[in-house]
Structure formats: C-alpha cells, structure tokens
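Dear colleague,

I am handing over the structure we spoke about, with the sequence alongside. My notes on the strands and on one pair of helices follow below it.

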Amino acid sequence: MTDTNRNLTMFCMSQTPFQTDGSLDEDGLRAHLQRLVTAGNGIYLGSGGAGEGHVLSVKESRRVYEIGVEEAKGKVPLYANPRESRTAEGMLKVANEAASAGIDCVQFYQLDAGHGMIPTPKEQELYWRTLLEAVKIPVAISIHAYAGFMATPDFLANLCEQYPQIIAVNVMNFDVPYFIKLRDTLPERISLYSSYVNLIQMASLGAAGCLMAENNVIPNVTQAIADGWRDGDLDKMAENAKNLQRFANIVSAWAPSTARWVKMALKVLGLGNGVLRPPYLLPSEEDQRRMLAAFDALGVRELEGLPSA
C-alpha cells in the first residue's frame, strides 16, 4: 500500500457517565475522556445517542463541555454535538453553551421538524442562516440518514461559501455517489467524515475520518485503523477493521439504542457502572453475561490492554 500522507481522525461520540443517583458523574467523565485522549481519538460531547443528550439539562450540557475542555482541549479534536432540535432556537440554547465553554467546533444536525416533515430549500436556508449568523466558532454540518432527507451538494456549497466557519460535513449514510459529489463540489478546506462501516472506502475517496460510538469501549482498536492508514500498513488496518466489525456485531444485539449498549459494555468490562437515565434501562444480568462472554471470545481485554477479570 502506498503512503497516503493523510491522518484519519477517529471521532468518538462520547458517553455521558452518571452516578447511581442519576446525577452527572464528573469524575467518571474525566476518566473516560482521559482514556480517549490517551488513545488519540477525537471527541464529540453530549450527542443525543451515545451521549444521552436529550436527557441532559442545558446546565448539565455546559458542565460536560467545561470538563471536556479541561481534559481534552489542545490534545485531540474536541467537538460538541447538541441533541437534535425542532427549531434553530432550540439548537442554539445548547450550542451557545458549547461555544462559550471553549469547545473547538460544534456540529449542527439538519432540521428535524418531526412527523416526517421534509423542509423545503427555503425552510432549510432559514434554519441554517439562523444558526450560522449566531455561532461564529467552527461548525460541522451533519447529513444523517435519520433526518430523512439530504441537503443537496449545491446547497451545502453555497452555505460553505457564505459562512467560512463551516469546516466539516459529516456524511452519516452509506450513499457513496452522494459522498463523492460532495467532495467534488465543496471547497477542499471542508473536511468530510463518514461512518466507520465504509471508512476505508470513503478514506480512499477523500474522507478525513469517521464518527462512531464503538470507541467508547475499544478506542485503541479504532485508533489502530487510522494508524495503519497513516503508515500505509494494510495488514494493521485490515486486522483492526475486522475486530471493530466483530465488536459491532456483538453489541448490535442491543441496538438501536446506542447509549444502552455502550453503558452495558463499559459495565461488563469494569469501565463504568451502567447507569442510564430513563427512558433507557440497563439490560438484564443474563444479557450482561452474554455480552461479556462474547467479548471474552473476541479478546476485547487483550486488544485494549485492559486488566484481566
């Protein structure tokens, strides 16, 4: 494999630890972020999936951002991922806290108006202008399959031209033709990120990395994929990509709630207490034993350099 001369950033959609009484576990969050930093993963804080962002108050979100800045800023890319909102104003309530806390970049989801409503181009434009006129720190735009629609490449190119604080577009779907149209249409300064599922293909098409939740549990395995790409080591990249997918195959039994399987996986490996906020509930002890047995068969502790049970 030839030298790619590129680095891939493996962003972790970080979990938000809670204490047994349900309050924010600041010490647990610091320990978790330190593990991600040591592995070299980029960090997204407070997402609506793995980060349980929808059950965080605005004040709690601000505290998560402050702790993230204290533990990770300047060491790895540190981004905020405010939970989906049905209005620009709702998104800004959390995004403004991220900006004032000193986060490197804030991601905005496309408008989620509910009831399957697809916003018109003019409605999309109003939404984005409201956000981008208010937030001047670097911004990433999420084009996610769950939104039910995708902004056109020309629309995004116009936004990027008008708002230089846009630095990234996260293409969280499996539409390869759409991805390459974006890469051909958007300015070269815009970094494109993908899902881990098609990362190697997308990296060959110009992706700068990926976003995932699996590195909450296996950050060293995921970082090794990026290291293999950087070094032109196909064997290293391939072997760790296989182990990432094997791990994902295990935890998918408890999907689609990302937070549920992340918290359970950390608990069975002794890296967390498994506390979730409702509506999520930790699966049964039998489920936990089944997950741990699968992890042991895969050798997760050895792969991650964790102490034996």
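In what follows, a residue is called buried when its relative accessible area is under 20%. Please keep in mind throughout that this is a predicted model.

By that cut-off, strand S1 (residues 9-13) is mostly covered, with five of its five residues buried. The cover extends to both faces of S1, since Thr-9, Phe-11 and Met-13 are buried on one side, and Met-10 and Cys-12 are buried on the other.

S1 has strand neighbours that I would look at next. It is joined to strand S8 (residues 209-212) by four bridges, the two strands running parallel, and within this pairing Phe-11 has Leu-211 of S8 as its bridge partner. S1 also pairs with strand S2 (residues 42-45), again in the parallel sense, over three bridges, and here Cys-12 stands opposite Ile-43 of S2. Between S1 and S2 the chain passes through helix H1 (residues 26-39), and the resulting β-α-β crossover is right-handed.

Turning to strand S7 (residues 191-195), four of its five residues are buried, and S7 too is mostly covered. S7 pairs in the parallel sense with strand S6 (residues 166-172) over three bridges, with Ala-168 standing opposite Ser-191 of S7; S6, helix H6 (residues 176-185) and S7 together make a right-handed β-α-β unit. S7 is also joined to S8 by three bridges, and these two strands run parallel, Ser-194 having Cys-210 of S8 as its bridge partner. The chain goes from S7 to S8 by way of helix H7 (residues 199-204), in a β-α-β crossover that is right-handed.

The last item concerns a pair of helices. In general, two packed helices are described by the angle between their axes and the distance between the axes. For helix H10 (residues 258-268) and helix H11 (residues 285-298), the axes come within 10 Å and cross at roughly 70°. Angles of 65 to 115 degrees count as roughly perpendicular, and H10 and H11 are therefore roughly perpendicular to each other. On the H10 side, the contact is made by Trp-261, Met-264, Ala-265, Lys-267 and Val-268, which meet Asp-287, Gln-288, Met-291, Leu-292 and Phe-295 of H11. Sorted by kind, the residues of this contact comprise seven nonpolar, one polar and two charged.

With best regards

Note on methods: Residues numbered from 1 in each chain as written. Predicted model: local features only at pLDDT ≥ 70, side-chain atom pairs only at ≥ 80, totals over all residues. Heavy atoms only, no water. Buried < 20%, exposed > 50% of the residue type's maximum accessible area, 1.4 Å probe, protein only. Pairing = 2+ DSSP bridges. Right-handed = clockwise from strand over helix to strand, strands pointing away. Axes fitted to C-alpha atoms, helices over the stretch in contact; angles between N-to-C directions. Parallel < 35°, antiparallel > 145°, perpendicular 65-115°, else oblique. Contact = heavy atoms within 4.5 Å. Nonpolar A, V, L, I, M, F, W, Y, C, P; charged D, E, K, R; others polar.
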